[in-house]
Amino acid sequence: MEESYVLMLRQQYQTFQDIYLCYCGYARCEPLHSYGPAVRPNYLLHYVVEGRGIFQMGGATHALSKGEGFLIEPNKQTFYQADAQEPWTYLWIGFDGTGAEKCLRSVGLGSERLVFRCPDEEGRLMSIVEEMLRHNSMSTLDSFVLQARLCDFFAFLAENMSSALERMSQTDRENMYVHKAVEYIRHHYADGITVNDIARYVALHRSYLFALFQKVLQISPQEYLTLFRLTRAKEELALTDMPVSAIALDCGYQDPQVFTKAFKHKFGITPLRYRKENREERSRDLESLLEKKEKGQAGQD
């Protein structure tokens, strides 16, 4: 059980499209009160005001307490539960829009960082949510007030979470940017992304991103992206019977000929030839294994 206060807004009444509030609220939870496993259609930020609890996503469990929060992304299954001894009180805002992901990235949140810490000793975030709850009509005035408070919420996160980034060493900060870029590549390599897309995602100039990759990984962003795509292609060639054209598309290449040329340039062999030789080698290995097994059994007899 939980004692909760909630404001729900209908999408058809939204004035704004880049980012807009879907709902908000806060709750004082009973011990072990839980929600999920569940999937949400929009972004949802929770912030712990008091107490403790856990947040589970993708097989990982995060223990959270006062001053910490977690992000739920659309269409991702999550579970969260209040502590048995110190059940949490939390607030939340649900939001969506064409610019929602960009706003989250600007404060350092996203798929690679779902849990955060943001000190709020004066209770500013709770005050923002309480004001949202008071403006609960569909009037033009309330729509502008709610939009302003949503921006206030993100402004507070930006101010108080950026201070943690500023305290990081130069090396840690550089590693963090490269890690975010690599995670983006791993999640979007099939989408035809470019180095410009990667730089835009991590909010760095392309030339600075190039310098960081060279420093940390001794490889350029373009080389890393290409190598990642071609390595995944090798896996699909070896393990599936998909046509080369389908594998090329799966790995972010719109043109199979461009894919074949890149594959041969990197590995010195065409994709079809690689598949044939890989399977011949696997067949020889299997025959050798069976032969050793038969000899072993004969020796026992």
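**Exercises on helix H9 and Val178**

In this predicted model, the buried residues of helix H9 are Phe259, Ala262 and Phe263.

**Exercise 1.** Determine how the buried residues of H9 are arranged around its axis, and state which exposed residues the opposite side carries.

*Solution.* Viewed along the axis of H9, the buried residues fall within an arc of 100°, and therefore they line one face of the helix. Turning next to the face directed away from that buried side, one finds the exposed residues Gln257, Lys261 and His265.

**Exercise 2.** Check whether the span of H9 agrees with its number of residues, and then describe what is found at its start and just after it.

*Solution.* H9 comprises the 12 residues 256-267, which at 1.5 Å a residue should span 16 Å. The expected span is 1.5 Å times one less than the number of residues. The C-alpha atoms at the two ends of H9 are 16 Å apart, so the expectation and the model agree. At the start of the helix, a side-chain oxygen of Asp255 comes to within 2.9 Å of the backbone nitrogen of Gln257. After the helix comes Gly268, which has a positive phi, near 70°.

**Exercise 3.** Decide whether Val178 is buried or exposed, and identify the residues that it touches beyond four places away in sequence.

*Solution.* Val178 belongs to helix H4, which covers residues 170-188. Its relative accessibility is 3%, and because buried means under 20%, Val178 counts as buried. Leaving out residues up to four places away in sequence, Val178 touches Leu212, Phe213, Val216 and Leu217. For one of these, Val216, the C-alpha atom is separated from that of Val178 by 7.6 Å, although the two residues are 38 residues apart along the chain.

Conventions: Residues are numbered from 1 along each chain as its sequence is written. This is a predicted model: local features need pLDDT of at least 70, side-chain atom pairs count only at pLDDT 80 or more; totals for chains, interfaces and linings use all residues. Side-chain values use heavy atoms; hydrogens and water are left out. Helices (H or I, at least four residues) and strands (E, at least two) are DSSP runs, numbered from the N terminus. Buried means under 20% relative accessible area, exposed over 50%, partly exposed in between (1.4 Å probe, protein chains only). The arc is that of the directions from the helix axis to the C-beta atoms. A polar contact is a pair of N or O atoms within 3.5 Å; within protein, one must be able to donate a hydrogen and the other to accept it, and residues adjacent in sequence count only if both atoms are side-chain atoms. Contact means heavy atoms within 4.5 Å.
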